[in-house]
Amino acid sequence: MSLKSYSDSVSKVWPLFTNIDVDYGEGIFLYDRKGKKYIDFTSGIGVTNTGHCHPRVVNAIKKQSEKLLHGQTTILYNSMIDELASSIKKILPDELNCMFFSNSGSEAVESAIKLVRHATGKPNIICFQGGYHGRSIGALSLTTAKSVYRSGYQPLMSGVFVSPHPYFKQHSNENSEQRVKHCLDELEHILNTQTSPEETAAMIIEPILGEGGYVVPPKSFIQGIRNICDKYNILLIFDEIQTGFGRTGKYFAFEHFKVKPDILVIAKGIASGLPLSGIVANKKLMDKWVTGSHGGTYAPNPLSIAAAVETIKVLEEEKLVHNSEDIGNYLLDKLQNIKNKHPNVIDVRGKGLMIGCELIEEDGQSGTYIAEKVRKNCLSKGLILLTCGPYNQVIRWIPPLTTKKSDIDRSLKIFEIALKQSLGR
Ligand code: PMP
């Protein structure tokens with residue numbers, strides 16, 4: 001099948017879709033069918049944390065593929081699932097000790113929605129400005145990162161209330177702590193007026209915003225949300241689909257804030273590219289789920305389990321979480337230097353290897369067009385980067401956690417040339 005007929009037969013709903021006819025991946029690199037090599041600093045949008053086709057992960061999948069492809073987990077026990085749960089438990093606090101698995105991030109968010117409603121008997125959920133939680137109707141109802149995601153899909157799920165995030169209040173004259181206080185006051189106000197604590201099952205937030213612009217909020221914001229949840233007996237869900245499994249220089253981003261969730265949503269980096277997701281909570285909470293009330297045919301798939309168990313071993317044995325912190329700091333520093341030279345770069349931020357570089361146009365407008373030019377210019381030079389943020393004005397860096405300083409140097413050279421070209425310098 002030619003690329004053209006393939007592209008013509010697949011709906012083009014992706015704005016960042018490229019015509020790279022990808023053939024294979026190896027570490028930080030992707031190769032197209034003509035042999036052209038690309039540095040993939042998207043990691044498949046935060047999925048291939050161990051790099052493309054890590055040999056140990058590939059081997060684990062190969063071995064498993066000869067034994068069992070479908071686990072029939074709705075009717076059959078398989079001790080592999082317990083092995084997977086034990087590997088995940090080792091990298092989590094003791095309270096987060098019970099799991100439910102699914103295939104995609106959105107599905108896991110649906111599980112979280114259903115669990116909190118079922119367990120508390122309360123209908124409402126509070127989410128936050130700039131959040132991304134997926135595209136299925138329930139998950140989409142909690143997603144506010146961009147209007148394009150929601151428009152045309154109404155009516156969405158009812159019982160959802162959106163509370164402000166300090167990042168989107170920067171136009172006010174308040175300092176960071178005042179903004180946090182303002183947002184927390186508003187959260188409490190929404191909780192007590194638009195809904196009520198008696199009707200609110202949970203709050204859900206990405207501790208570090210992903211699609212919303214790679215935003216690290218002040219610690220006091222996440223801690224304040226935890227305090228309000230505790231005060232009113234409301235469950236707190238952290239969506240760590242993008243930030244989990246070492247991406248931010250810790251196994252999970254909540255560690256940066258010294259706050260624990262009641263429910264953790266996981267996916268992406270867990271299985272190096274195979275579909276696997278899940279929620280993790282305390283057993284007492286999970287036990288409130290009545291047998292038979294939730295589930296699906298496929299998850300967790302045995303190949304995905306094998307990949308995940310090996311992925312977690314690789315993260316630990318190759319010290320990739322530490323590398324994420326170390327190389328992330330290196331990249332952050334270098335991008336700061338670039339920011340100091342280019343007034344169109346207004347902000348560089350992030351944790352570990354999840355770093356956003358925000359651009360503005362010459363006239364002070366959001367840097368949507370420059371960011372798109374930079375992305376395209378990088379791509380033509382063999383560096384794949386993505387954008388994010390409400391106006392796609394942020395270039396995001398999500399390299400595999402195996403990335404070395406020399407890889408960063410090489411990609412930054414391309415980035416700076418692309419940036420200059422895009423600015424017409
Ligand atoms: N939550 C977050 C934080 C995400 O980053 C994503 C995917 N970008 C999702 C949910 C949805 O995951 P999926 O695309 O696998 O449904």
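**Domains, sheets and ligand shell of the predicted model**

Valine 314 has its place in helix α12, which covers residues 302-317. The structure described here is a predicted model, and this valine is a convenient point of entry. With 21 C-beta neighbours inside 10 Å, valine 314 counts as buried, because the cut-off for a buried residue is 20 or more such neighbours. When its neighbours within four places in sequence are left aside, valine 314 is in contact with Thr50, His54, Arg56, Val57 and Leu320. Valine 22, by comparison, is 292 residues from valine 314 in sequence, and the two C-alpha atoms are 25 Å apart in space.

The domain assignment of the protein gives two domains, of which domain 1 consists of residues 3-54 together with 319-422, while domain 2 consists of residues 58-317. The C-alpha centres of domain 1 and domain 2 lie 25 Å apart. Across the boundary, 27 residues of domain 1 are in contact with 28 residues of domain 2. On the side of domain 1 that touches domain 2, at least two residues are supplied by each of α2 (43-46), α13 (320-341), β11 (345-351), β12 (354-359) and β15 (394-397). The largest share of that side comes from α13, with five residues. Sorted by class, the side of domain 1 that touches domain 2 has 11 nonpolar, 12 polar and four charged residues.

Two of the sheets may be described in turn. In one of them, four strands form an open sheet of mixed pairing, in the order β1-β2-β3-β13. Because β1 and β13 (383-384) stand at the edges and have a single partner strand each, one side of each is left without a neighbour in the sheet. At the β13 edge, strand β3 (residues 37-40) and β13 run parallel and are joined by two bridges, and isoleucine 39 has leucine 383 in β13 as its bridge partner. At the other edge, strand β1 (residues 22-26) holds tyrosine 24. Tyrosine 24 is exposed, because 11 other C-beta atoms lie within 10 Å and a residue with 12 or fewer counts as exposed. Between tyrosine 24 and alanine 306, which are 282 residues apart along the chain, the C-alpha separation is 21 Å.

The other sheet is also open and has mixed pairing, with seven strands in the order β4-β10-β9-β8-β7-β5-β6. Its edge strands are β4 (98-102) and β6 (160-163), each of which pairs on one side only, and from one strand to the next the twist averages 20°. Although β4 is an edge strand, it is mostly covered, since four of its five residues are buried. Strand β4 runs antiparallel to β10, to which it is joined by five bridges, and cysteine 98 stands opposite alanine 281 in β10. Strand β10 (residues 277-281) also pairs with strand β9 (residues 263-266), in the antiparallel sense and over four bridges; here leucine 264 has valine 280 in β10 as its bridge partner.

Towards the β6 edge of this sheet, β5 is largely enclosed by the rest of the structure, because five of its five residues are buried. From β5, Asn124, Ile126 and Phe128 point one way, whereas Ile125 and Cys127 point the other way, and all are buried. The strand runs parallel to β7, with three bridges joining β5 to β7, and asparagine 124 has threonine 200 in β7 as its bridge partner. Strand β5 is likewise parallel to β6, to which it is joined by four bridges, with phenylalanine 161 in β6 serving as the bridge partner of isoleucine 126.

Helix α5 links the description of this sheet with that of the ligand. The helix lies across β4, β5 (124-128), β7 (200-205), β8 (235-239), β9 and β10, and runs at about 30° to β10. Helix α5 (residues 105-120) also gives the most to the shell around the ligand, to which it contributes three residues. Of the 15 residues around the ligand, those that come nearest are Gly105, Ser106, Gly134, Ile241 and Gln242. By class, the shell around the ligand has five nonpolar, seven polar and three charged residues.

Notes: Residues are numbered from 1 along each chain as its sequence is written. This is a predicted model: local features need pLDDT of at least 70, side-chain atom pairs count only at pLDDT 80 or more; totals for chains, interfaces and linings use all residues. A residue is near a molecule or strand if its C-beta atom, placed from the backbone, lies within 6 Å of it. Ala, Val, Leu, Ile, Met, Phe, Trp, Tyr, Cys and Pro count as nonpolar, Asp, Glu, Lys and Arg as charged, and the others, Gly among them, as polar. Domain bounds come from an automatic or database domain assignment. Two residues are in contact if their C-beta atoms, placed from the backbone, lie within 7 Å. Two strands pair if DSSP finds at least two bridges between them. Axes are lines fitted to C-alpha atoms, for helices over the stretch in contact, and angles run from 0 to 180 degrees between N-to-C directions.
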